[in-house]
Amino acid sequence: MALHISATNPEHPALLLELPWDLPLEDWPERHLVPLPRGISRHVVRYARAGDEVVAVKELAERPAVREYELLRSLHRLNIPAVDPLAVVTGRTRDDEAPLEPVLITRHLNGSMPYRSMFETTMRPATMHRLMDALAVLLVRLHLAGFAWGDCSLSNTLFRRDAGAFAAYLVDAETGELHQKLSDGQRSYDLDLARVNISGELLDLEASGALHPSVDPIDFGTEICGRYQSLWQELTRTSVYPAGKHHYIDRRVRRLNELGFDVAEMQIAHSSNGDSVTFVPKVVDAGHHQRQLLRLTGLDTEENQARRLLNDLESWMATQEDYAPGDPLAARPEVLAHRWVREVFRPTVRAIPKELRGSMDAAELYHGLLEHRWYLSERAQHDIGLDTAVEDYVKHILPKLRAKLPAPDAAASRAPSA
Ligand SMILES: Nc1ncnc2c1ncn2[C@@H]1O[C@H](COP(=O)(O)OP(=O)(O)OP(=O)(O)O)[C@@H](O)[C@H]1O
Ligand SMILES: [Mg+2]
């Protein structure tokens, strides 16, 4: 049987050919290996150098190797945080033709740590909670995409620090199954497996003296399920609001954003008598809004700004007569978006006197305005509208902001004496 490398990127096989495929992974010479921390696993896993990259190589039978490779590719397409599959190598033999197990190759997740290494430097309970949150978020994301993990555990997750929080990545997809949609039964079965695995792993740490004494392994397993449940509920429930209480939608979207989720679309429906508004958010990955806003309006902004602007755009679109998603005869979103830029965005920004704008660009100003509108609407318990927000912003907020920031010319004239 000849050595066969099937890879996602056509450049990879050449780099991978340099590795000693005629040796079992256990016997690979040091010069190919990269000594980074690894989690516990049944299979032999090693990190190796391939060109400029560090790859994780896992020895396993062909069927599961190919299956896991395909699943990881699907997760990649679905934008789920998971390790990146690079190749499957089959037909390995020793010098004497004795067969060797195939391998699955994934890209080493830069900056990631298996949870055990994180516990080696004593972890405080607050940090543990953030880590658990990250794992609950990952599991929810997977379930939203229709993926039943089948073996969610701390060992099968990689953690990466993310501006004070943690981001969790799936590392082991071997037992996973991708469906169109998961039933409640499938989800709760998967969640129960996670609970048992996690409590087991924490008990194990406790036995080795590596767990903070304030952490109870069993309670923690239960708690992470609680976090999962409330997150799932928050993300998927349908809300009904009284018509006119538009800021309720804003409030819900904010809560989702705070949980680290982005809302791509809102399905907004008005009841036939016009009394209430039904709202279902569609949750997506981060970075989505920036691309979406740029595509629709040509405005290039930061992600958080893009999110707020798009929310505003979508709520506005829903008030337009020719807005009917899915109807081929209705106005296209791009057309409506340009109308919004022309009729709402630009006039609003222009209403702000130039001398008050300082160095803020149009998107920043508009974003600030939306924030202010949100704040005032919450205080007033009803939507105060954009015009009132602009008026108040110009009168009360911008002068204060300007007082804090030196005008560009003032800063320049001070510079030489500093
Ligand atoms: N791409 C990667 N980046 C970083 N670390 C990785 C990567 N792939 C594997 N690892 C490390 O290797 C460990 C074992 O990998 P994996 O869980 O896939 O093996 P396994 O033998 O299938 O595990 P199990 O015993 O759960 O079946 C992981 O816990 C992780 O620490
Ligand atoms: Mg594993």
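**Entry 1: Tyr248 and its neighbours**

I looked up Tyr248 and found this residue partly exposed, with a relative accessible area of 22%; partly exposed lies between buried (under 20% relative accessible area) and exposed (over 50%), with a 1.4 Å probe and protein chains only. The model is predicted, so local features need pLDDT of at least 70 and side-chain atom pairs pLDDT 80 or more, while totals for chains, interfaces and linings use all residues. Residues are numbered from 1 along each chain as written, chains are lettered from A and ligands numbered from 1 in written order, and side-chain values use heavy atoms, without hydrogens and water.

I then examined the charge at this ring: Arg251 lies over the face of Tyr248, 5.1 Å from the ring centre (CZ of Arg or NZ of Lys within 6 Å of the centre and within 35 degrees of the ring normal).

**Entry 2: Aromatic pairs**

I noted six aromatic pairs in the structure; rings of Phe, Tyr and Trp (its six-membered ring) pair if their centres lie within 6.5 Å, and planes under 30 degrees apart count as stacked, over 60 as edge-to-face and the rest as tilted. The rings of Tyr241 and Tyr248 have centres 5.0 Å apart and planes at 90 degrees, so this pair is edge-to-face. Tyr241 is buried, at 10% relative accessible area. I also recorded that ring pairs join Trp340, Phe345 and Tyr366 in a cluster.

**Entry 3: Magnesium ion**

I found Asn156 (OD1) and Asp172 (OD) as the protein donors of the magnesium ion (ligand 2), 2.0 to 2.4 Å from it; donors are N, O and S atoms within 2.8 Å of the metal (3.2 Å for Na, K and Ca), and sites may look incomplete because water is not among the atoms. Asn156 is buried at 8% relative accessibility, and Asp172 is buried at 13%.
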